[in-house]
Amino acid sequence: QVQLVESGGGLVQAGGSLRLSCAASGSIWGINSMGWYRQAPGKQRELVATTKSGGTTNYADFVKGRFIISRERATNAITVDLQMNSLKPEDTAVYYCNAYDLLTSYDAWGQGTQVTVSS
């Protein structure tokens, strides 16, 4: 199985920046896509950004031009970072790391990290 450990997040003022990091370990060989999703109180979880093993990235419209996702592969781990710039109060949410295993069709999720943007 894949284990995901998230770090980063916290409280920042509007216009500020934060960086989230997610490390995947365990059975990582089949991972095709990794990314970040978020869930605000009373709302459904939504896609923020994803990156595939071939380098393709995908961003939600509401973060284009502000967030950058990057991926680094090591021998026994994959790290995916999300650089969040020009943060807005509406970016406040719990951010979850996700990894999709193409071989097993299994979705792994991190425990979530809180991002709070004050106005």
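**Entry 1: the Arg38 and Asp91 pair**

I began with Arg38 and Asp91, whose side chains meet in a salt bridge with 2.9 Å from N to O. I kept in mind that I am working with a predicted model. Arg38 belongs to strand 4, whereas Asp91 sits in the loop between strand 8 and strand 9, so this pair ties together parts that are 53 residues apart in sequence. As a reminder to myself, side chains of opposite charge can pair when their charged atoms come close.

I then asked myself whether Asp91 is buried or exposed. Its relative accessible area is 1%, and since buried means under 20%, Asp91 counts as buried. Arg38 also counts as buried, because its relative accessibility is 6%.

**Entry 2: following the charges further**

Next I looked up which other side chains pair with these two residues. Arg38 meets Glu46 in a salt bridge, again with 2.9 Å from N to O. Glu46 has a relative accessibility of 31%, so I noted this residue as partly exposed.

On the other side, Asp91 forms a salt bridge with Arg66, for which I read 2.7 Å from N to O. Arg66 lies in the loop between strand 6 (57-59) and strand 7, and Asp91 in the loop between strand 8 and strand 9, so here the parts tied together are 25 residues apart in sequence. With a relative accessibility of 10%, Arg66 counts as buried. Taken together, Arg38, Glu46, Arg66 and Asp91 are joined into one network by salt bridges that share partners. For the structure as a whole I wrote down 5 salt bridges.

**Entry 3: the disulfide**

How many disulfides does the structure hold? I found 1. The disulfide joins Cys22 to Cys97, with the two sulfur atoms 2.0 Å apart. Cys22 is in strand 3 and Cys97 in strand 9, and the pair links distant parts of the chain, 75 residues apart.

I also checked the torsion about the S-S bond of Cys22 and Cys97, which is about -85°, so I recorded the disulfide as left-handed. Cys22 has 0% relative accessibility and therefore counts as buried, and Cys97, also at 0%, counts as buried too.

**Entry 4: the nonpolar core**

I turned to the largest nonpolar core, which has 30 residues. Which of them touch the most other members? They are Leu4, Met34, Trp36, Leu82, Met84 and Tyr95. Many strands take part, and those giving two or more residues to this core include strand 1 (2-8), strand 3 (18-26), strand 4 (31-39), strand 8 (78-84) and strand 9 (93-101).

I picked Leu4 for a longer look and left aside its neighbours within four places in sequence. Among the residues in contact with Leu4 are both cysteines of the disulfide, Cys22 and Cys97, and I also listed Met34, Ala99, Ala108 and Trp109 among its contacts.

**Entry 5: Tyr100**

Still in strand 9, I looked up Tyr100. Tyr100 has a relative accessibility of 26%, so the residue counts as partly exposed. What surprised me as a beginner was the pairing with Ser33: the two residues are 67 apart in sequence, yet their C-alpha atoms are 5.2 Å apart in space. When I left aside the neighbours within four places in sequence, the contacts of Tyr100 were Gly30, Ile31, Asn32, Ser33, Ser105, Tyr106 and Asp107.

**Entry 6: two serines with a positive phi**

Ser105, one of the contacts of Tyr100, deserved a separate note. This serine has a positive phi of about 55° although it is not a glycine. Ser105 lies in the loop between strand 9 and strand 10 (106-109), and with a relative accessible area of 53% the residue counts as exposed.

Where does Ser86 lie? I located Ser86 in the loop between strand 8 and strand 9, the loop in which I had also placed Asp91. Ser86 likewise is not a glycine and has a positive phi, here of about 50°. At 41% relative accessibility, Ser86 counts as partly exposed, whereas Asp91 counts as buried.

How values were computed. Residues numbered from 1 in each chain as written. Predicted model: local features only at pLDDT ≥ 70, side-chain atom pairs only at ≥ 80, totals over all residues. Heavy atoms only, no water. Core = buried A, V, L, I, M, F, W, Y, C linked by side-chain atoms within 4.5 Å. Buried < 20%, exposed > 50% of the residue type's maximum accessible area, 1.4 Å probe, protein only. Helix = DSSP H or I, 4+ residues; strand = E, 2+ residues; numbered from the N terminus. Contact = heavy atoms within 4.5 Å. Disulfide = S-S within 2.5 Å. Salt bridge = Lys/Arg side-chain N within 4 Å of Asp/Glu carboxyl O.
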